[in-house]
Amino acid sequence: MLFDRRVPCGAGRDRYQSRSQASAGAPVPLPSCAVGATSRRRMTAAALARLPSCAVGWWRHPPYPGSCRASPSPRLGLSACAAGTSAPGPAGDLVAGEVLNKVPVAIGMTPRLYSYILEHTREPEVLRQLREATAAVSGAHMQITPEQGALLALLVELIGARRVVEVGVFTGYSSTAMAMALPPDGRLVALDRDERPLELARRFWAQAGLADRVELRVGPALDSLGQLLARDGPGSYDMAFIDADKRSYDQYYELLLKLVRPGGLIAIDNTLFFGRVVEPEPNDKAAIALRDLNAKLLADPRVSVSLVPIGDGMTLCRRR
């Protein structure tokens with residue numbers, strides 16, 4: 001199975017290297033969940049050997065890049081080895097100050113387990129082909145994961161969506177997944193400002209038989225959302241998906257609260273942002289914007305909200 005460079009939030013972030021590389025003194029990338037660092041942190045094999053075994057359990061599972069079995073980061077308030085246990089029972093002091101009765105799978109997901117998830121994810125052939133074609137495109141890591149696509153499609157069906165708006169198209173994986181779940185008279189409006197990857201999106205919309213179901217609007221998304229409000233009116237859409245410029249997420253969210261009807265859904269991607277939302281660096285504007293948005297959503301009485309640890313984090317907001 002071919003993967004793009006995005007790694008799901010529970011499986012670590014960095015590219016796997018072989019033991020031979022490590023023994024030769026090559027830098028060994030550790031997932032951020034293993035060392036409480038950013039996804040760019042690297043260690044030599046000698047430094048790796050000094051870590052507790054629970055912090056390097058990911059090393060023993062090479063089928064998928066950057067897996068980990070535990071999250072001993074003191075910044076997250078996790079006990080050093082609590083997540084490494086295979087027992088599904090009480091989590092003890094896993095998170096400081098919280099009573100948890102079960103260790104969540106995402107906290108120590110191995111590549112073998114993530115592979116199992118993919119094996120049990122329904123991915124239409126056209127989406128598999130699109131995923132493989134996207135792997136050759138610059139920025140392939142921006143594509144959502146297969147299980148995210150399946151979840152978005154299911155959400156379209158669950159709420160009976162007929163009109164969907166997507167902010168951020170890239171090569172069209174998420175828009176194709178959602179449009180395929182729409183009824184024959186459904187409509188998806190796709191907004192993006194970058195023409196380059198849209199050629200691939202158009203090709204696969206046509207291949208999936210969706211050319212007449214997707215309306216593409218190229219230009220700044222804030223302008224396009226304003227135009228949709230003027231053309232279609234408030235509450236005219238059933239569902240929205242945001243996966244674009246992170247620093248503009250809050251503005252997209254506010255406009256979509258007007259476009260989406262009461263009872264409708266707004267799904268927001270990248271709300272865990274490679275773990276960088278926990279303690280963003282002062283110059284990490286995107287992570288800071290997402291951290292602030294997460295705090296806002298938690299307290300926003302206009303929506304019911306759930307932050308789902310899937311892909312790079314996806315927050316689901318139901319407009320009340």
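The following questions and answers go through a predicted model, from its overall make-up to single residues.

Colleague: How many helices and strands does the secondary structure come to?

Modeller: The protein has 320 residues, and buried residues make up 52% of them. Its secondary structure comes to eleven helices and nine strands.

Colleague: What share of the contacts with a separation of 6 or more is between residues 24 or more positions apart?

Modeller: The count takes the contacts in the protein with a separation of 6 or more. Within that set, residues 24 or more positions apart account for 64%.

Colleague: What part of the exposed area do carbon and sulfur atoms supply?

Modeller: The protein exposes about 14,700 Å². Of this area, carbon and sulfur atoms supply 54%.

Colleague: Which residues make the nonpolar surface patch of about 280 Å²?

Modeller: One member, Val-105, lies in the loop between α3 (45–49) and α4 (111–119). Val-105 has a relative accessible area of 52% and is therefore exposed, as the limit for that class is over 50%. The patch is made by Val-105, Leu-113 and Tyr-116.

Colleague: Is Arg-131, which meets Glu-123 in a salt bridge, buried or exposed?

Modeller: The search of the whole structure finds 18 salt bridges. In the one between Arg-131 and Glu-123, the N to O distance is 2.6 Å. Arg-131 has a relative accessible area of 3%, so it is buried.

Colleague: Where in the chain are the partners Arg-231 and Glu-215?

Modeller: Their side chains meet in a salt bridge, 3.0 Å from N to O. The pair links distant parts of the chain, 16 residues apart. Arg-231 is in helix α9 (residues 221–232), and Glu-215 is in strand β5 (residues 214–218).

Colleague: Which of these classes, buried or partly exposed, does Arg-231 fall into?

Modeller: Its partner Glu-215 has a relative accessible area of 14% and counts as buried, the limit being under 20%. For Arg-231 the value is 44%. Because 44% lies between the two cut-offs, Arg-231 is partly exposed.

Colleague: Which residues are linked with Arg-231 in a network of salt bridges?

Modeller: Glu-215, the partner of Arg-231 in a salt bridge, belongs to the network too. The full membership besides Arg-231 is Arg-163, Glu-215, Arg-217 and Asp-232.

Colleague: What is the distance between the closest N and O atoms of Asp-284 and Arg-276?

Modeller: Asp-284 is buried, at 11% relative accessible area. Arg-276 is buried as well, at 19%. They form a salt bridge, and its closest N and O atoms are apart by 2.8 Å.

Colleague: At what angle do helix α6 and helix α7 pack?

Modeller: Two packed helices are described by the angle between their axes and the distance between the axes. Helix α6 (residues 146–158) and helix α7 (residues 173–181) have their axes 8 Å apart, and the angle is about 35°.

Colleague: Which hand does the crossing of α6 and α7 have, left or right?

Modeller: The contact includes Leu-152, Ala-153 and Val-156 of α6, and Ala-177 and Met-178 of α7. The crossing in which α6 passes α7 is right-handed.

Colleague: How far apart in space are the C-alpha atoms of Val-189 and Val-165?

Modeller: Val-189 lies in strand β4 (residues 187–192) and is buried, with a relative accessible area of 1%. Leaving aside neighbours within four places in sequence, its contacts include Val-165, Glu-215 and Arg-231. Val-189 and Val-165 are 24 residues apart in sequence, and their C-alpha distance is 4.7 Å.

Colleague: What separates the C-alpha atoms of Leu-259 and Ser-236?

Modeller: Leu-259 lies in helix α10 (residues 249–259) and counts as buried at 0% relative accessibility. Among the residues it touches, not counting those up to four places away in sequence, are Leu-225, Gly-233, Ser-236 and Tyr-237. Leu-259 and Ser-236 are 23 residues apart along the chain, and their C-alpha atoms are separated by 5.8 Å.

Colleague: What is the phi of Phe-170?

Modeller: Phe-170 is in the loop between β3 (163–167) and α7. Its relative accessible area is 11%, so it is buried. Although Phe-170 is not a glycine, its phi is positive, at about 55°.

Colleague: Where is Asn-270 found?

Modeller: Asn-270 has a positive phi near 70° and is a residue other than glycine. At 3% relative accessibility, Asn-270 counts as buried. Its place is the loop between β7 (260–269) and α11 (285–299).

Note on methods:
Residues are numbered from 1 along each chain as its sequence is written. This is a predicted model: local features need pLDDT of at least 70, side-chain atom pairs count only at pLDDT 80 or more; totals for chains, interfaces and linings use all residues. Side-chain values use heavy atoms; hydrogens and water are left out. Patches are made of residues with over 30% relative accessible area and no salt bridge: like charges are joined within 9 Å, nonpolar side chains (Val, Leu, Ile, Met, Phe, Trp, Tyr) within 5 Å. Accessible areas come from the Shrake-Rupley method with a 1.4 Å probe; for residues, only the protein chains shown count as cover. A salt bridge is a side-chain nitrogen of Lys or Arg within 4 Å of a carboxyl oxygen of Asp or Glu. Helices (H or I, at least four residues) and strands (E, at least two) are DSSP runs, numbered from the N terminus. Buried means under 20% relative accessible area, exposed over 50%, partly exposed in between (1.4 Å probe, protein chains only). Axes are lines fitted to C-alpha atoms, for helices over the stretch in contact, and angles run from 0 to 180 degrees between N-to-C directions. A crossing is left-handed if the near helix is turned anticlockwise from the far one by less than a right angle, and right-handed if clockwise. Contact means heavy atoms within 4.5 Å.
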